[in-house]
Each structure stands twice: as structure tokens, then as C-alpha cells.
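Have a look at the fold below before reading on. We'll walk through one helix, one pocket and a handful of backbone oddities.

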Amino acid sequence: MKFTLKESKKYAKSGKLDEWVIKFLEETDNRNFANHVKNKGYWVGPINIKLSKLKRCCGPEKEMKYKEPKKTWDKRVSSMVEDIKLGWDVPPLIVWFLNKELSIADGSHRVEALRKSGIKSYWTITWFDNPKEYAAYKR
């Protein structure tokens, strides 16, 4: 697998989006979330969403659930900004609809790199664990 936006859209079109997401999460060392969502819940996407609607949970800020040293964060984000300039087919952001918010489960570094690159919206795959919230979102 290549883990690109193009590939994720191909899997979604063939009804295998969940398969692509699980493999992507496992390969990008986000096995905890992969195990949490495997074989349950509902996936929507990829759809283009304004980055301002997404909530990060990882970064150097003190309120982040998953803290990363600023120097490490800046280095990873800067590297991704350069990759975007070179034409990187950025994988979609993986989001969890949690407490009526779009919480980034995988992609905090990518979303920051996209913002720094002047991109205002990007492709997102959203996971719902609540059937009522999923149904309301689909309307």
C-alpha cells in the first residue's frame, strides 16, 4: 500500500475504506487507535473539510493530550511542509467524531503542515462510534 489520498479514495470507492484506514494506522504506529476502531463504528470519507473545524490532540502546547517537545514537533512539521512543496500526496487526516467535535486521531503533524502551507481545507476520513451521531451527520 502507498497510503496516499489517491489510494484512500480508491479503497473508499470499492467499499474497503475501513481496511485502508486500519492498515494505515498500523503502519504509522498508531496501533492503539487502530485496535480501538477495528471492526466497529462507521467511517465517512474522504471528504474535504475546513482545517479550522478540526481539533488537534497532539503537539507542544500544554493543553494537548499527547504532548511532544516543541523542537521535535517543529522538525516534523517543517519536514512535511517541504514534502508538500515537492508534491507529496498527503494521506487524509483521520478524525474521530467525539463529543460533537472533529478530533484528529491521526494527522496532527499533517494538519499543521497543511496550515503552514496555506491550505485551508483538506481530505478527512471521520470515524463515528455512535450510530445516532453517524446518522445525524449523514443527513
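What follows is a short tour of this predicted model.

**Helix H4**

Let's start with H4, residues 70–85. With 16 residues at 1.5 Å each, the helix should span 22 Å, and its end C-alpha atoms are indeed 22 Å apart, so expectation and model agree. Which residues of H4 are buried? They are Trp 73, Val 77, Met 80, Val 81 and Ile 84. Looking down the axis of H4, you find these buried residues within an arc of 105°, so they line one face of the helix. That fits the usual pattern: an α-helix has 3.6 residues a turn, so residues three or four places apart point the same way. On the other side of H4 sit Lys 71, Lys 75 and Lys 85, which are exposed. The cover over the buried residues of H4 includes strand E3 (58–59) and helix H5 (108–116).

**Helix H5**

H5 itself is mostly covered, with seven of its nine residues buried. That buried set runs Ser 108, His 109, Arg 110, Val 111, Glu 112, Ala 113 and Leu 114.

**The largest pocket**

Now for the largest pocket, with a volume of about 810 Å³. Its lining counts 27 residues, and Asn 30, Cys 57, Tyr 66, Ile 104 and Ala 105 are the ones nearest the centre. Two or more lining residues come from each of helix H3 (31–37), H4, strand E5 (93–98), strand E6 (101–106) and H5. E6 gives the largest share, five residues. Sorted by class, the lining has nine nonpolar, eight polar and ten charged residues.

**Backbone oddities**

Four residues with positive phi are worth a look:

| Residue | Phi | Place |
|---|---|---|
| Phe 3 | about 55° | before helix H1 (5–13) |
| Asp 29 | about 65° | loop between helix H2 (17–27) and H3 |
| Gly 87 | about 100° | just after H4 |
| Gly 118 | near 85° | after H5 |

Phe 3 takes its positive phi although it is not a glycine, and Asp 29 likewise is not a glycine. Are these two buried or exposed? Phe 3 has 16% relative accessibility, and the cut-off for buried is under 20%, so Phe 3 counts as buried. Asp 29, with a relative accessible area of 62%, is exposed.

One last thing to check is the peptide bond from Gly 45 to Pro 46, which is cis with omega near -5°. Pro 46 has its place in strand E1 (residues 42–50).

Note on methods. Residues numbered from 1 in each chain as written. Predicted model: local features only at pLDDT ≥ 70, side-chain atom pairs only at ≥ 80, totals over all residues. Heavy atoms only, no water. Helix = DSSP H or I, 4+ residues; strand = E, 2+ residues; numbered from the N terminus. Expected span 1.5 Å × (residues − 1). Buried < 20%, exposed > 50% of the residue type's maximum accessible area, 1.4 Å probe, protein only. Arc of directions from axis to C-beta. Contact = heavy atoms within 4.5 Å. 1 Å grid on protein atoms, 1.4 Å probe; cavity = no way out; pocket = protein on both sides within 12 Å on 5 of 7 lines; lining within 4 Å. Points joined across faces, edges and corners; volume = space filled by probe spheres on them. Nonpolar A, V, L, I, M, F, W, Y, C, P; charged D, E, K, R; others polar.
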